[in-house]
Amino acid sequence: MARLSKPGPISAKPLSVLLSDVFSDAYAKQGFAARELVTRWSEIAGPEVAAHSEPLKIQWPRPVEGQPQEPATLVLRVEGPMALEIQHTSDVILQRVNRFFGWSAVGRLALRQAPLSRRDRPRPPRAPDPASVAKVAETLASVEDEELRAALARLGASIKRN
């Protein structure tokens with residue numbers, strides 16, 4: 001009678017690790033050395049600029065032998081009405097991008113007016129209904145501070161809703 005051996009532990013890898021090379025190649029084709037410029041655009045450019053723009057690619061000039069490397073051009077997709085505003089703040093955007101890179105990698109911005117590819121902005125969570133807040137507030141009679149009691153009641157009602 002043959003004995004079956006137990007299978008070994010399953011070593012599942014996160015999807016981000018498996019697809020890292022795929023995404024790195026795609027970003028490299030657009031001139032991005034690292035995908036962080038795209039994924040962290042809101043942190044780098046600031047929420048106001050990032051709400052109306054997104055980086056498309058970085059265009060590097062051809063190196064000339066014996067000459068220092070020229071800075072790159074960052075191409076941004078910008079929503080039409082905000083293009084002029086973003087053009088006026090281009091110096092600040094360039095400083096932030098170069099601070100992110102740690103050197104003067106980008107020398108100018110090129111703007112392309114088009115709708116942004118991401119339209120799925122997160123919606124703010126809706127407030128819990130007053131009846132459930134009042135029901136939770138009844139259980140918090142031992143909390144003396146009124147503002148704290150109200151905040152805890154809203155939190156409790158939100159947690160119960162989810």
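Helices (H or I, at least four residues) and strands (E, at least two) are taken as DSSP runs and numbered from the N terminus. On this basis the protein has 8 helices and 3 strands. The model is a predicted one. From the N terminus on, the elements follow the order α-α-α-α-β-β-α-α-β-α-α. Of the 162 residues in the protein, 25% are buried. Among contacts between residues at least 6 apart in sequence, 58% join residues at least 24 apart.

The three strands form an open sheet with the order 1-2-3 and mixed pairing. Strand 1 and strand 3 are the edge strands, and each pairs on one side only. Neighbouring strands are turned by 30° against each other on average, direction ignored. Strands of a sheet pair through backbone hydrogen bonds, either parallel or antiparallel. Both senses occur here. Strand 1 and strand 2 are antiparallel and share 6 bridges. Serine 53 has valine 78 in strand 2 as its bridge partner. Strand 2 and strand 3 run parallel and are joined by 7 bridges. Two of the residue pairs can be named. Valine 75 has its bridge partner, alanine 110, in strand 3. Leucine 76 is bridged to leucine 111, also in strand 3.

Helix 6 packs on this sheet and touches strand 1, strand 2 and strand 3. The direction of helix 6 makes about 120° with that of strand 3. Strand 2 is mostly covered, with 6 of its 7 residues buried.

The interior was examined next. The largest nonpolar core has 19 residues. Those with the most contacts inside this core are Leu37, Trp41, Leu74, Leu76, Ile93 and Val97. Two or more residues each come from helix 3 (41-45), helix 4 (47-50), strand 2 (72-78), helix 5 (83-88), helix 6 (90-101) and strand 3 (106-113). Strand 2 gives the most to this core, with 4 residues. Another core, of 6 residues, lies apart from the largest one. Val133, Val136, Val143 and Ala153 are among its members.

Ala153 leads to the C-terminal helix region. Helix 8 spans residues 146-161 and has 16 residues. From its first C-alpha to its last, helix 8 reaches 22 Å, close to the 22 Å expected at 1.5 Å a residue. The buried residues of helix 8 are Ala153, Gly156, Ala157 and Ser158. Helix 7 (130-138) is included in what covers these buried residues. Ala153 is thus named twice, as a buried residue of helix 8 and as a member of the core of 6 residues.

Aromatic contacts were searched over the whole structure, and 2 aromatic pairs were found. A pair of aromatic rings is described by the distance of the centres and the angle of the planes. For tryptophan 60 and tryptophan 103, the ring centres are 6.2 Å apart and the planes lie at 15°, so the pair is stacked. The cut-off for stacking is an angle under 30 degrees between the planes. Tryptophan 60 lies in the loop between strand 1 (53-59) and strand 2, and tryptophan 103 in the loop between helix 6 and strand 3. The pair therefore ties together parts that are 43 residues apart in sequence. Tryptophan 60 counts as partly exposed because its relative accessibility is 37%. Tryptophan 103, at 47%, also counts as partly exposed. Both values fall between the limits for buried, under 20%, and exposed, over 50%.

Glutamine 69 is also found in the loop between strand 1 and strand 2. Leaving aside residues up to four places away in sequence, glutamine 69 touches Trp60, Pro61 and Pro63. With a relative accessible area of 44%, glutamine 69 is partly exposed. Its C-alpha atom is separated by 9.3 Å from that of alanine 105, which is 36 residues away along the chain.

Valine 38 was considered last. This residue lies in helix 2 (residues 36-39). Valine 38 has a relative accessible area of 26% and is partly exposed. The limit for a buried residue is under 20%, so valine 38 is not counted as buried. Valine 38 and leucine 56 are 18 residues apart in sequence. In space, the two are 8.3 Å apart, C-alpha to C-alpha.

Notes. Residues are numbered from 1 along each chain as its sequence is written. This is a predicted model: local features need pLDDT of at least 70, side-chain atom pairs count only at pLDDT 80 or more; totals for chains, interfaces and linings use all residues. Side-chain values use heavy atoms; hydrogens and water are left out. A nonpolar core is a set of buried Ala, Val, Leu, Ile, Met, Phe, Trp, Tyr and Cys residues joined through side-chain atoms within 4.5 Å. Buried means under 20% relative accessible area, exposed over 50%, partly exposed in between (1.4 Å probe, protein chains only). Rings of Phe, Tyr and Trp (its six-membered ring) pair if their centres lie within 6.5 Å; planes under 30 degrees apart count as stacked, over 60 as edge-to-face and the rest as tilted. Two strands pair if DSSP finds at least two bridges between them. Axes are lines fitted to C-alpha atoms, for helices over the stretch in contact, and angles run from 0 to 180 degrees between N-to-C directions. Contact means heavy atoms within 4.5 Å. The expected span of a helix is 1.5 Å times one less than its number of residues.
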